[in-house]
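Here is a set of questions about how the labels on this structure are earned. Please keep the model open beside you as you read.

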Amino acid sequence: MIVLVRLALRVLALACVLFPAGGAGAQDLSALARFNPDASSVVTKGDETRLTLALSQPVPWRVRLLDAPPRLVLDVREVDWRGINRLVISGAVGGLRAGVFRPGWSRLVIDLAGPTHIATAAMATGEGGAKIRLTLQPTDAASFATAAARPEPPEWAPPSPANLPPAERRGAGPIVVVLDPGHGGIDPGAERDGHTEAALMLTFARELKDLLLRDGRFTVVMTRDGDVFVPLEARISIAREARADLFLSLHADALSEGEAQGATVYSLSADASDEAAAALAERHDRDDLLAGIDLTAQDDLVAEVLMDMARTETAPRTDRLADSLVAAIKGAGLKMHRHPRQQAGFSVLKSPDIPSLLLEVGFLSSARDLKRITDPRWRAQMAEAVLQGILTWSEADAAVRAVAAP
């Protein structure tokens, strides 16, 4: 279900039910609005849940339902959702997460306890700002699935990966490296002691990018250079548009499955090295799903063909790259996992013709790893090790391909 709101003359032409905001014509709708947790609430009476979200000013907005798992997605124009975790949830509301979703828009994802109907949706405005009020009621699974299955209007749907604009290429070097800072925007990744995986990996990616560019032998493209959400499929597309020689996804996850510590290099495989690796890959895909990107639309047969191609054509090159990175990181005396080379079915590694790896710089579930990752000197050492690993691989890869060339 998509509910559309018109504020003044700004219309979101997304077709469904239109709710006029009223009285918003005098407001400046281009400025960043702020969420007010003290004036917001989740109230449950019987089977009905009423959600009130107070904002500092009116903004264009829309709300829709998504299935598997059931969730409600509220998209708003430039809202700072800090404080959303202070709301006490109940009834139909099972969880809340928020952040930047696309340029100029933020997204609030509401996990639903089960199939839910949006009985009412409206924005009330006044001198104190605006309040979005949603009334949620239980419904049957079939009705919910029908409402959630309604397609995005063409003007709102995310761009097809094939039609993404070419990524900016900087530097004159012959080695094109795509750095992929994991998570971002609505998906902060792992969190610990006030740090988020998304922010830490963006910092490390920027430092690594600067180091590679200063070397002069690299062109570097970033899948994101800010706190924004980038779908997994789009990250792969960026690498293809850049004609990347290699793709390196950077992460610092948290693992509850046993003790994990030290840098780990993951390559693509349908069979995970262990249960922890499988859990990480599943969680990465689930983050996309909860943010509103449906990975199930990808045909299983196509995904399997992609992995087969990666195994037969790109896997040997990827394996050599992984070995080179592990050797360089160990050579620099940096802490690595007791099993530094692992495999799992990470969707972000499924490009069939680009050597692609996921580097867990460390794990935020480890206090020692967090201390290392937040140390600029340690990050500089890790960045230098990655650079040396890539250079060693590139030279060896060129020699192997030259011998194999007809």
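## Labels and their reasons

Q: Glu78 lies in the loop between strand 7 and strand 8; why is Glu78 called partly exposed?
A: Glu78 has a relative accessibility of 24%. Buried means under 20% relative accessible area and exposed over 50%, with partly exposed in between (1.4 Å probe, protein chains only). The 24% of Glu78 lies between those two limits, so Glu78 counts as partly exposed.

Q: What kind of model is this, and how are residues numbered?
A: This is a predicted model, in which local features need pLDDT of at least 70 and side-chain atom pairs count only at pLDDT 80 or more, while totals for chains, interfaces and linings use all residues. Residues are numbered from 1 along each chain as its sequence is written, and side-chain values use heavy atoms, with hydrogens and water left out.

Q: What makes the phi of Glu78 worth a second look?
A: Its phi is positive, about 55 degrees, although Glu78 is not a glycine. His183 is another residue other than glycine with a positive phi, here near 65 degrees. His183 sits in the loop between strand 13 (175–181) and strand 14 (191–192). Strands here are DSSP runs of E with at least two residues, helices are runs of H or I with at least four, and both are numbered from the N terminus.

Q: Is His183 buried or exposed, and how do you know?
A: The relative accessible area of His183 is 5%. That value is under the 20% limit, so His183 is buried.

Q: What makes the peptide bond from Ala68 to Pro69 stand out?
A: That bond is cis, with omega near 5 degrees. Pro69 belongs to the loop between strand 6 (61–66) and strand 7 (71–77).

Q: How do you know that strand 7 and strand 10 pair?
A: Two strands pair if DSSP finds at least two bridges between them. Strand 7 and strand 10 have seven bridges, in the antiparallel sense, so they meet that condition. Within this pairing, Asp75 stands opposite Arg107 in strand 10.

Q: How do you know that strand 9 and strand 10 pair?
A: Strand 9 (residues 93–102) and strand 10 are joined by eight antiparallel bridges, and Leu96 stands opposite Ile110 in strand 10. Their hairpin has two residues between the strands, and Gly104 takes a positive phi there, near 85 degrees.

Q: Why is strand 10 called mostly covered?
A: Of the eight residues in strand 10 (residues 105–112), seven are buried.

Q: What makes strand 8 and strand 11 edge strands?
A: They belong to an open sheet of five strands with the order 8-4-5-12-11 and mixed pairing. Strand 8 (79–80) and strand 11 (116–126) each pair on one side only. Strand 11 pairs with strand 12 (residues 129–138) in the antiparallel sense over ten bridges, and His117 stands opposite Gln137 in strand 12.

Q: Why is Ser40 called buried?
A: Ser40, found in strand 4 (residues 33–45), has a relative accessible area of 9%. Since 9% is under 20%, Ser40 is buried.

Q: What does the side chain of Ser40 reach?
A: It reaches the backbone oxygen of Asn36 at 2.7 Å. Not counting residues up to four places away in sequence, Ser40 also touches Phe35, Thr52, Leu53, Ala54 and Leu87; contact means heavy atoms within 4.5 Å.

Q: Why is helix 2 called oblique to helix 7?
A: Helix 2 (residues 197–215) and helix 7 (residues 376–404) pack at an angle of about 50 degrees, with their axes 9 Å apart. Angles under 35 degrees count as roughly parallel, over 145 as roughly antiparallel, 65 to 115 as roughly perpendicular and the rest as oblique. An angle of about 50 degrees falls in none of the named ranges, so helix 2 is oblique to helix 7. The contact includes Phe204 and Leu208 of helix 2 and Met382 and Leu387 of helix 7.

Q: Why is Leu325 called buried?
A: Leu325 lies in helix 5 (residues 300–331), and its relative accessible area is 1%. As 1% is under 20%, Leu325 is buried. Leaving aside neighbours within four places in sequence, Leu325 is in contact with Leu248, Val265, Leu357, Val386, Gly389 and Ile390.

Methods
A polar contact is a pair of N or O atoms within 3.5 Å; within protein, one must be able to donate a hydrogen and the other to accept it, and residues adjacent in sequence count only if both atoms are side-chain atoms. Axes are lines fitted to C-alpha atoms, for helices over the stretch in contact, and angles run from 0 to 180 degrees between N-to-C directions.
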